[in-house]
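Biologist: I should like a close look at a single part of this model, namely its nonpolar interior. Please describe that part in detail and then relate the strands and charged pairs to it.

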Amino acid sequence: MAEKRIDLIQEFVDLYKQEEMLAFFEFRIGGPTGTAGLCRISKQKGAAAGMRYLSLTFMVDAPDEKSRAAADSALNRIEDAAMQAALPAVAAVVPIPVMIHGGENYVRQVDVMLREPTEVNNAFVRDRLLPAVFRLSGITTSAVEWWDETAPAAPSNATETAEQRTPLLGALLARWRK
């Protein structure tokens, strides 16, 4: 019997169908001219019924070993003890092994498990979670873009978007929107 081929990108997308995207932001590792990337922040749909967590998925343009090592170094600093000290609402940090590590892309997810009765909302993410992540990882970022599925699409003559500047981002966001 032939084995069914596993499409890792489709598995990745299917996992995200169980989550609700809250926001995303562009970032750099190593200062303004350092390695560029994008982070997607999501939460479990219907989180009130189960464990509260936030998923931070980091997608990094990593054409060489130096940029992959920089991403690993920065993201490894988002760990249990440091996050719990910075943000007592954190029960645990679950780093997921690198999902894509080759070519010019590096994708890694960090799940942040939260204690009850933490309310997972934009204010918590903006005012508490992200400052801790930025401080620990040392990444610098642009403004956080809050995801609003009800917002109208941007006009076709709008200035260049993050999706256009980062082809991996455009492809992943297109799949997430399906």
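Modeller: In this predicted model, the largest nonpolar core comprises 34 residues, and those with the most contacts inside it are Ile41, Leu54, Phe58, Met83 and Leu129. At least two residues of this core come from each of β1, β2, β3, α2, β4 (90-95), β6 and α4. Helix α4 supplies the largest share, seven residues.

Leu129 shows how the core is joined. Leaving aside residues up to four places away in sequence, Leu129 touches Leu54, Leu56, Met83, Leu87, Val112 and Phe124. Two of these partners also face one another across a pair of strands: Leu54 stands opposite Val112 in β6. Apart from the largest core lies another, of six residues, including Met21, Met59, Val107 and Trp147.

Strand β3 deserves particular attention. Of its nine residues, eight are buried, so β3 is largely enclosed by the rest of the structure. Strand β3 has antiparallel partners in β2 and β6: seven bridges join β2 to β3, and nine bridges join β3 to β6. On the β2 side, Arg40 stands opposite Thr57 in β3. In a regular strand, side chains alternate between the two faces of the sheet.

Val60 gives a local view of β3, the strand in which it is placed. The relative accessible area of Val60 is 0%, and this residue is therefore counted as buried, the cut-off being under 20%. Setting aside residues up to four places away in sequence, Val60 touches Phe27, Thr35, Ala36, Gly37, Ala71, Glu104, Asn105 and Tyr106. A further spatial relation links Val60 to Leu38: the two are 22 residues apart along the chain, and their C-alpha atoms are separated by 6.4 Å.

The charged pairs complete the picture. The structure holds five salt bridges. One of them is formed by the side chains of Arg40 and Glu19, at 3.7 Å from N to O. Arg40 lies in strand β2 (residues 35-44) and Glu19 in strand β1 (residues 19-29), so this pair ties together parts that are 21 residues apart in sequence. Both Arg40 and Glu19 are buried. Arg40 thus has two roles in this description, as the residue opposite Thr57 in β3 and as the salt-bridge partner of Glu19.

A second salt bridge joins Glu116 and Arg52, whose closest N and O atoms are 3.2 Å apart. Glu116 lies in the loop between β6 (105-114) and α4 (122-137), and Arg52 in the loop between β2 and β3 (53-61), so the pair ties together parts that are 64 residues apart in sequence. The two partners differ in exposure: Glu116 is exposed, with a relative accessible area of 52%, whereas Arg52 is buried, at 18%. These values stand on either side of the limits applied, under 20% for buried and over 50% for exposed.

Glu116 also takes part in a notable backbone feature. A cis peptide bond joins Glu116 and Pro117, with omega at about 0°. Most peptide bonds, by contrast, are trans. Pro117 is placed in the loop between β6 and α4.

A further salt bridge belongs to helix α2. The side chains of Arg68 and Glu65 meet at 3.5 Å, N to O. Arg68 and Glu65 are three residues apart in α2 (residues 65-76), and are thus separated by about one helical turn. Arg68 counts as buried, at 12% relative accessibility. Helix α2 is also among the elements that each supply at least two residues of the largest core.

These details may be set against the whole chain. The protein chain has six helices and eight strands, and from the N terminus on its elements run α-β-β-β-α-α-β-β-β-α-β-β-α-α. Buried residues make up 40% of its 178 residues. Of the contacts between residues at least 6 apart in sequence, 62% join residues at least 24 apart. The chain exposes about 9900 Å², and carbon and sulfur atoms supply 54% of that area.

How values were computed
Residues are numbered from 1 along each chain as its sequence is written. This is a predicted model: local features need pLDDT of at least 70, side-chain atom pairs count only at pLDDT 80 or more; totals for chains, interfaces and linings use all residues. Side-chain values use heavy atoms; hydrogens and water are left out. A salt bridge is a side-chain nitrogen of Lys or Arg within 4 Å of a carboxyl oxygen of Asp or Glu. Helices (H or I, at least four residues) and strands (E, at least two) are DSSP runs, numbered from the N terminus. Buried means under 20% relative accessible area, exposed over 50%, partly exposed in between (1.4 Å probe, protein chains only). A nonpolar core is a set of buried Ala, Val, Leu, Ile, Met, Phe, Trp, Tyr and Cys residues joined through side-chain atoms within 4.5 Å. Contact means heavy atoms within 4.5 Å. Two strands pair if DSSP finds at least two bridges between them. Accessible areas come from the Shrake-Rupley method with a 1.4 Å probe; for residues, only the protein chains shown count as cover.
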